[in-house]
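Reader: I should be grateful for a close look at a single part of this protein. Please take one residue as the starting point and work outward from there.

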Amino acid sequence: MKTVTRHIGKTALAAGAVALLGMTSVAQANDVVALKHALYGAGYDVTNVDPAMDDATRSELTRFQKENGLAATGILNEETEKALGLITVQQAAANAGQAAPASTAQSAPAEPAPAESSAEDTIEEDDDGGWSLW
């Protein structure tokens, strides 16, 4: 019975290690995709959202680091993440859980006054049911 228990324990340990290693690569792939989105949003030439770090992305990352006074290593580090505005899921979840300030949470939005419209201001509906300004 001890042999069976040891075998099951070793198998469970191996399966857990494989699962953790698999999750690490997924997390790294998500980091690379987030990096590519951030660089693209900052105006850098990123043309794919492949989860692999390619030479073009590394080159744009290095360029971003140089242009922002960071150590140009081509490696995504904490300083570069901050400069790009990247945050962890835990930070986003913590920020989402914060309550709104009392002044905005209590007050109701004011309703806009109804606008008077003329025949020239109305938008006509096309024959196909869609709306058009032309």
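**Asn48 and its surroundings**

Author: Asn48 is partly exposed, because its relative accessible area is 29%, a value between the 20% under which a residue is buried and the 50% over which a residue is exposed. The model in which this residue is seen is a predicted one. Asn48 belongs to the loop that lies between α1 and α2. Apart from residues within four places in sequence, Asn48 has contacts with Lys36 and Asp54. A further distance helps to place the loop: from the C-alpha of Asn48 to that of His37 there are 9.3 Å in space, for a separation of 11 residues in sequence.

Of the two contacts, Lys36 leads into the preceding helix. Lys36 sits in α1, which covers residues 2–41. In contrast to the partly exposed Asn48, Lys36 has a relative accessibility of 1% and therefore counts as buried. Beyond its neighbours within four places in sequence, Lys36 is in contact with Val46, Asn48, Val49, Asp50, Ala52, Asp54 and Thr57. Asp54 thus appears in the list for Lys36 and also in the list for Asn48.

Thr57 carries the description on into α2, where Thr57, Glu60, Leu61, Thr62, Phe64 and Gln65 are buried. Helix α2 comprises 13 residues, 55–67, and at 1.5 Å a residue it should span 18 Å; the C-alpha atoms at its ends are 18 Å apart, so the expected and modelled spans agree. After α2 comes Gly69, with a positive phi near 70 degrees.

The loop and α2 are also linked through aromatic side chains. There is one aromatic pair in the count. Its members are Tyr44 and Phe64, and the pair is edge-to-face because the ring planes stand at 80 degrees, with the centres 5.6 Å apart. Since Tyr44 is in the loop between α1 and α2 while Phe64 is in helix α2, the pair ties together parts 20 residues apart in sequence. Both Tyr44 and Phe64 are buried.

The same two aromatic residues take part in a wider nonpolar group. The largest nonpolar core has eight residues: Leu35, Ala38, Leu39, Tyr44, Val46, Leu61, Phe64 and Leu84. Two or more of these residues come from each of α1 and α2, and α1 makes the greatest contribution, three residues. In soluble globular proteins, nonpolar side chains tend to be buried together. Leu35, one member of the core, is in contact with Met53, Thr57, Leu61, Leu76, Leu84 and Leu86, leaving aside neighbours within four places in sequence. Thr57 is therefore a contact of Lys36 as well as of Leu35, and Thr57 is itself among the buried residues of α2.

On another side of α2 there is Thr80, a residue of helix α3, which runs over residues 78–84. Thr80 counts as buried, because its relative accessibility is 0%. Residues up to four places away in sequence not being counted, Thr80 touches Leu61, Phe64, Gln65, Leu70 and Ile75. Among these, Leu61 and Phe64 also belong to the largest nonpolar core.The setting of this part within the protein may now be given. The protein has five helices and zero strands, in the order α-α-α-α-α from the N terminus. Of its 134 residues, 13% are buried. About 10,800 Å² of the protein is exposed, with 58% supplied by carbon and sulfur atoms. Of the contacts between residues at least 6 apart in sequence, 15% join residues at least 24 apart.

Finally, the confidence of the prediction should be considered. The mean pLDDT of the protein is 73, and 51% of its residues reach 70 or more. Among the elements, α2 has the highest mean pLDDT, 95, and helix α5, residues 102–106, has the lowest, 49. Over residues 17–24 the pLDDT is below 50, and this stretch has zero contacts in the model beyond near neighbours in sequence. Where pLDDT is low, the predicted coordinates should not be read in detail.

Key: Residues numbered from 1 in each chain as written. Heavy atoms only, no water. Helix = DSSP H or I, 4+ residues; strand = E, 2+ residues; numbered from the N terminus. Expected span 1.5 Å × (residues − 1). Buried < 20%, exposed > 50% of the residue type's maximum accessible area, 1.4 Å probe, protein only. Contact = heavy atoms within 4.5 Å. Areas by Shrake-Rupley, 256 points an atom, 1.4 Å probe, with all protein chains shown as cover. Phe/Tyr/Trp six-rings, centres within 6.5 Å; stacked < 30°, edge-to-face > 60°. Core = buried A, V, L, I, M, F, W, Y, C linked by side-chain atoms within 4.5 Å. pLDDT = per-residue confidence, 0-100.
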